[in-house]
Amino acid sequence: MRLIWATRGRTWGFQFRRTGGFDDPLPEYEKVFSGLDEPALCRRVGEMVALRFPDPEGRKDAAGRIIPHDFIVFSPTADEIDSLEDGLALVWDEVKDEYAQAWDVPRPPLPQG
Amino acid sequence: MGSGGTLQQEIAVFGESGSGKTVLLSSFYGAAQEPQFVRKSLFRVVADDFGQGARLHQNYLGMKNSAKRPEITRFSATAHSFSIKLKDGDAKNNKGKPFDALRLIWHDYPGEWFEQGVSGPEEAKRRVATFRSLLGSDVALLLVDGQRLLDNSGEEERYLKSLLANVKNALLVLKDDLLEDGQPLVEFPRIWIMALSKADLLPEMNVFNFRDLVIEKAREDLEELRNVLEGLVEVSEALSVGEDFMLLSSAKFEVDKIEVTKRVGLDLILPLAATLPFERLARWHELREVPWKVLDGLLMGAGAFAVMLVGKGRRGGIPVKAPGPIGAVVGILGFTALADALNDAARLGSEKLEEIHSEALAQQHFLTATLAEFRLKLNEAEDERVLIRSFG
């Protein structure tokens, strides 16, 4: 599954955990997420889908804020997503184990492509 | 210092992720929109960008009405520009004064920038640009997170050392990018205030306890930070690092509610940004023998400010015929007269300030009244053990 995934851990700060194959995923991320403030959203942008949802297991950072997960989902997975529920079911299943291992370590492993 | 008749001050708030930077900014702006503030204050705080202001206000209302914290700041910084607009009637009374308006620039940015690498070249570029802007301020607040002190209770040095080391290292890593041709910076925050954020979590701690904790547990680390800062700035005698302390609480956070009316220290931010630099300049000149001419860039802003309070130099009283705009002030008055005004203004005690305040109000000189009020507020905060200003 090709994804850009930005999130944070309990103590480590906001960063990309999946880069979607980009050397610098930030410009791509901002094309989609710039100006979007909602805590949960599902938005189709061309062939991609932007997804944001609070951590499904309610995990928080050290300051007590619920951790957000931001994704850009690329085709073909994006074609199967029409709602936040679709997105959450497909994408969270892909990353939840990886996140469970990383969120409470002092330094997370290097991001994947 | 800005152009024309506006005195511009930037405030640099240094703090790690989750230390309360966005909450502080939102609370500062949101509280200034409350009817109680608008009714009793001599000025209004207006966001120069309507959209940015609306977002901060929304953050504030979200905390106040729904116990909702602002969204985490991701990957980019925002410079918020606020105009301090005085009550009607001031413009005509301010004709010919060094400045007739105040502006505050406040940068909000991801605290991760102190703690970890960046995601790629674009974020790296932003981090340097933001740090450059931050370092153009006169006053810096270094946030010490009350929650982290509590988490490390009894071993506070673990957190304090890591905080100070992170700030020091971030500056060292960026040093080459921040200095043009390796030349030390003239414009630089010369006053670094240690500010305890989320002070509501430590209700027993007054500002003296806070100072003692920092000095006891992390004096050497503070010294190391100071050494790094000295390496970045020209005339390093004119530098106060960890000599001033304050308490800050943007709101009282409880499990299911956030009481935004329980604030501490937020009303000191404008007074500190606006008046501390000129107070300190006079002391540096006197006690540390820093020559005025090497501080001329700072003196222009500070001197213009002082003229608003005491008039031109030794004459004292309300300025009636001070020249403006700012750019022309130094040319017309010369440094000596400005330096005199600065010295006089820095020495004003509460009684004299009260006098200036009432007289300025009677004459509808709202800017002069506001500046006097700022100084009085700082004096009060010292009495209430919320602020310690350096004696050096």
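These exercises, each with a worked solution, walk through a predicted model with chains A and B.

Residues are numbered from 1 along each chain as its sequence is written, and chains are lettered from A, with ligands numbered from 1, in the order in which they are written. Local features need pLDDT of at least 70, side-chain atom pairs count only at pLDDT 80 or more, totals for chains, interfaces and linings use all residues, and side-chain values use heavy atoms, with hydrogens and water left out.

**Exercise 1. Describe the fold and overall dimensions of chain A.**

Step 1: Start with the secondary structure, where helices (H or I, at least four residues) and strands (E, at least two) are DSSP runs numbered from the N terminus. Chain A has 2 helices and 5 strands, and along the sequence they follow the pattern β-β-α-β-β-β-α.

Step 2: Turn to the dimensions. The C-alpha trace of chain A spans about 35 × 30 × 25 Å along its principal axes. The radius of gyration is taken over C-alpha atoms, and the globule rule is 2.2 Å times the number of residues to the power 0.38. For 113 residues a compact globule would come near 13 Å, and the 13 Å of chain A agrees with that.

Step 3: Add the charges, with Lys and Arg as positive and Asp and Glu as negative, while His and the chain ends are not counted. Each charge is placed at NZ of Lys, CZ of Arg, CG of Asp or CD of Glu. Chain A has 14 positive and 21 negative charges, and their mean positions are 7 Å apart.

**Exercise 2. Set out burial, contacts and surface for each chain.**

Step 1: Take burial, where buried means under 20% relative accessible area, exposed over 50% and partly exposed in between (1.4 Å probe, protein chains only). In chain A, 50% of the 113 residues count as buried; in chain B, 57% of the 392 residues do.

Step 2: Look at contacts, meaning heavy atoms within 4.5 Å. Among contacts with a separation of 6 or more, residues 24 or more positions apart account for 56% in chain A and for 79% in chain B.

Step 3: Finish with surface area, from the Shrake-Rupley method with a 1.4 Å probe; for residues, only the protein chains shown count as cover. Chain A exposes about 5300 Å², with 50% supplied by carbon and sulfur atoms. For chain B the accessible surface is about 16100 Å², and 48% of that belongs to carbon and sulfur atoms.

**Exercise 3. Find the nonpolar cores and the residues that mark them.**

Step 1: Fix the term: a nonpolar core is a set of buried Ala, Val, Leu, Ile, Met, Phe, Trp, Tyr and Cys residues joined through side-chain atoms within 4.5 Å. In soluble globular proteins, nonpolar side chains tend to be buried together.

Step 2: The largest core has 113 residues, and Phe14(B), Phe82(B), Trp106(B) and Leu171(B) have the most contacts inside it. Its largest share, 10 residues, comes from helix H9 (residues 269-287) of chain B. A second, separate core of 17 residues includes Leu51(A), Phe71(A), Val95(A) and Tyr99(A).

Step 3: Zoom in on Phe14(B). Beyond its neighbours within four places in sequence, Phe14(B) contacts residues including Tyr109(B), Phe114(B), Leu134(B) and Trp192(B).

**Exercise 4. Is Ser26(B) buried or exposed, and what does it touch?**

Step 1: Ser26(B) lies in helix H1 (residues 21-32) of chain B. Because its relative accessibility is 0%, Ser26(B) counts as buried.

Step 2: Leaving aside neighbours within four places in sequence, Ser26(B) is in contact with Leu56(B), Asn59(B), Tyr60(B), Met63(B) and Pro70(B).

Step 3: Repeat this for Ser250(B), in the loop between strand S7 (240-247) and strand S8 (252-253) of chain B. Ser250(B) has a relative accessible area of 9%, so this residue is buried. Among the residues it touches, not counting those up to four places away in sequence, are Val23(B), Leu24(B) and Ser27(B).

**Exercise 5. Which backbone angles deserve a second look?**

Step 1: Most residues other than glycine have a negative phi, and most peptide bonds are trans.

Step 2: The peptide bond from Ser75(A) to Pro76(A) is cis, with omega near 10 degrees. Pro76(A) sits in the loop between strand S5 (68-73) and helix H2 (84-102) of chain A.

Step 3: Asp181(B) has a positive phi, near 50 degrees, and is exposed, with a relative accessible area of 76%. Val235(B) also has a positive phi, of about 55 degrees, but counts as buried at 18% relative accessibility.
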